[in-house]
Every structure is written in C-alpha cells, then in structure tokens.
2 protein chains.
Amino acid sequence: MTITDAAPARLGDDVGACSSAPVDPCGSESSEARIIRDVLSRVGDKWSLLVIRMLHNGPLRFTQLQRSIDGISHRMLTQTLRNLERDGLVSRTSYPEIPPRVEYAATDLGRSLALPVLGLVEWASGNHASITDARDAFDAARD
Amino acid sequence: MTITDAAPARLGDDVGACSSAPVDPCGSESSEARIIRDVLSRVGDKWSLLVIRMLHNGPLRFTQLQRSIDGISHRMLTQTLRNLERDGLVSRTSYPEIPPRVEYAATDLGRSLALPVLGLVEWASGNHASITDARDAFDAARD
DNA sequence: CTGGATCCTTGAGGATACTG
DNA sequence: CAGTATCCTCAAGGATCCAG
C-alpha cells in the first residue's frame, strides 16, 4: 500500500467470516490472492523490509536509520515508520529531551516477520545467478 | 522492476566480485540491501506472485490465467508473463494452431520460488489478525 | 486466442521549506 | 533532531484498438 499523503485508507480488511486457518481459509482461490496482495502491499514497498532488517539487531534513532539505509529520503523514512508502527511491526519511543530523541525498535511481530523474509532473501541470493543467466539467454535469443 | 513499456533495462546486475555465499556475500550491509531490493523488484510487483501461484498446479493458457487471476488486465498479464519468462521462472509453449494456443508453466526455478513465498503467505495469514488489531488500536489512539 | 502499441490517469516517492 | 506539509516528476498500470 504505502499510504497516500493523507487518508487512513482502510482497504479490504474483511477477514470476518473466515476462521483463522493457517493458509487459504474458506478454501477459495481468491482469498489466497487477497492474502498475497495483503502481505505484498505491507512489506513489498520500497523501504519497509530494509527498515525491519536494520531494526532487527536493536533499536535505532531516526537519523541513524536514515544514514544506514542509503538512499531513503527523510519523507519516506517517516512514512515507512508510521506504517510499520501502525501495523504493530515497529515500536516508537520518544524521549522528551532537547534536542528530541526518538528510538525505533522492532516488535516481536516485526521480528517474526523477519524470518520468512529471510527465506526469500536466501532464495534470491542463492538463485541470483540462475536468473541473470536466464535473462542473458532470453535477451540474446530475441536478436 | 516490472519493465518499462520499452527498454531492456539491465540495472545493477553486478554480482561479479562476490563469491556465491548463501546470504550476505562480501559481508557488507548494503549488499544485503541490494538483494532485498532485487527480490522485491522481481516478485514484489502487483501480479508476479499471483501468476506463479496459479501456475504452481500445472500449465495454463493465457485466457485461463486472465480469468483466474481476477482483476488483472490484458496488458499486465502479458507483461508479467514476459518478465517471468525472461527471468526463467515461467516457460512459454506456443502451439501453431488456429486459433493459436499458448501454454504457460512454472519452471523448476519458478516452483522453487514458491516455497519461500509460501512461508511469507503463511506468516501473513497467521498474523493478519494481529496486524488488524494493531491498526485499530493505532487509529483509535490518534483520536 | 494471443500479443503488441498507444493514450491517459493516478499515485509513489524525491526535494525542500517550515515547525517544535 | 524529529515531523509535517507542499510541490513536482515519472512510471505503474488500466482501457482500448489493431494484427496475426
């Protein structure tokens, strides 16, 4: 999703009738499609996973995050952090000092997300070569 | 990535110097960031995973895919299939008949991708409720 | 039926300036 | 230092038409 500049959004959060089965509740194909889209819109944006990843080792302040994430803009970091906080994946602790200090930390939920994500990363890292080769072959074939 | 309407693109495919370690080769933080972005730009678009998912059970024709994926446009299906084919995740078999028939199937690589993806889906499905709750709490808190 | 090509809308996301 | 608001750009992606 990656929130629009304004609105709270609230898109299809209609899990209602389905009991909490591990995968594909209600047996319909489209429900799994919804789940896939859900998870993708949550962590599939440009920065969320990188933030989660950085916070996996321990809490960090806003500026530390900004420096360590390379390329992220001030605006997108705030926005990404708000989203993650809203989804309960990251916690925010503000110390009323001068100058202000704010620490962000991954919640248990956030850390639990890191696991399956790591699976994906491993896959990517392990099959990077195959993909590159496939691309080269494909591009070569379409002379 | 989700290719632009034209260009072959070829962005940062510079794995060169790194030996093929399973995760985080070369030990630098930014290299893992690159991997994450790589995998996201490959499967993190709106449709790729859904196509991979549909093809996991067996080959399907273009129109079958379009009907089963709900919401995908003609244009995006072609585009997504081209990308997946280029990356070696999907194979395309065209039967020179009239009317033409084209079958798409997941390759071994494509099926291997489905595994870690399933992990993510399970996570999403298992923690959907927690996230929804977190959101409600968050939205309620900011009166 | 499959697959381009073209047009057009929308929103993600960067740059920047301003507040506490 | 942390956060918000405004402006602007550019590409993702839908609709549609044409071709083999």
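This text walks through how the protein meets DNA strand D in a predicted model.

Start with confidence. Chain A has a mean pLDDT of 81. Of its residues, 78% reach 70 or more. One stretch falls short: over residues 1–28 of chain A, pLDDT stays under 50. The model still has 37 contacts beyond four places in sequence for that stretch. Where pLDDT is low, the predicted coordinates should not be read in detail.

Now turn to the DNA. There are 22 residues around DNA strand D. Those that come nearest are Thr63(A), His74(A), Arg92(A), Arg75(B) and Met76(B). Both chain A and chain B appear in that list. By class, the surface near the strand has nine nonpolar, six polar and seven charged residues.

Which parts of DNA strand D lie within 4 Å of the protein, sugar and phosphate or bases? Of the strand's atoms within that distance, 65% belong to sugar or phosphate. The rest belong to bases.

Individual side chains show each kind of partner. His74(A) reaches a base: an N or O atom in its side chain is 2.8 Å from a base nitrogen of DNA strand D. Tyr104(A) has a polar side-chain atom 2.9 Å from a phosphate oxygen. For Arg61(A), a side-chain N or O atom is 3.2 Å from a sugar or linking oxygen of the strand.

Step back to the elements. Those giving two or more residues to this surface include α3 (62–68), α4 (74–86) and β3 (101–106) of chain A. Chain B adds its own α4 (74–86). The largest share, four residues, comes from α4(A).

How values were computed: Residues numbered from 1 in each chain as written. Chains lettered and ligands numbered in written order. Predicted model: local features only at pLDDT ≥ 70, side-chain atom pairs only at ≥ 80, totals over all residues. Heavy atoms only, no water. Near = heavy atom within 4 Å. Polar contact = N/O pair within 3.5 Å; in protein donor to acceptor, adjacent residues only side chain to side chain. Nonpolar A, V, L, I, M, F, W, Y, C, P; charged D, E, K, R; others polar. pLDDT = per-residue confidence, 0-100. Contact = heavy atoms within 4.5 Å.
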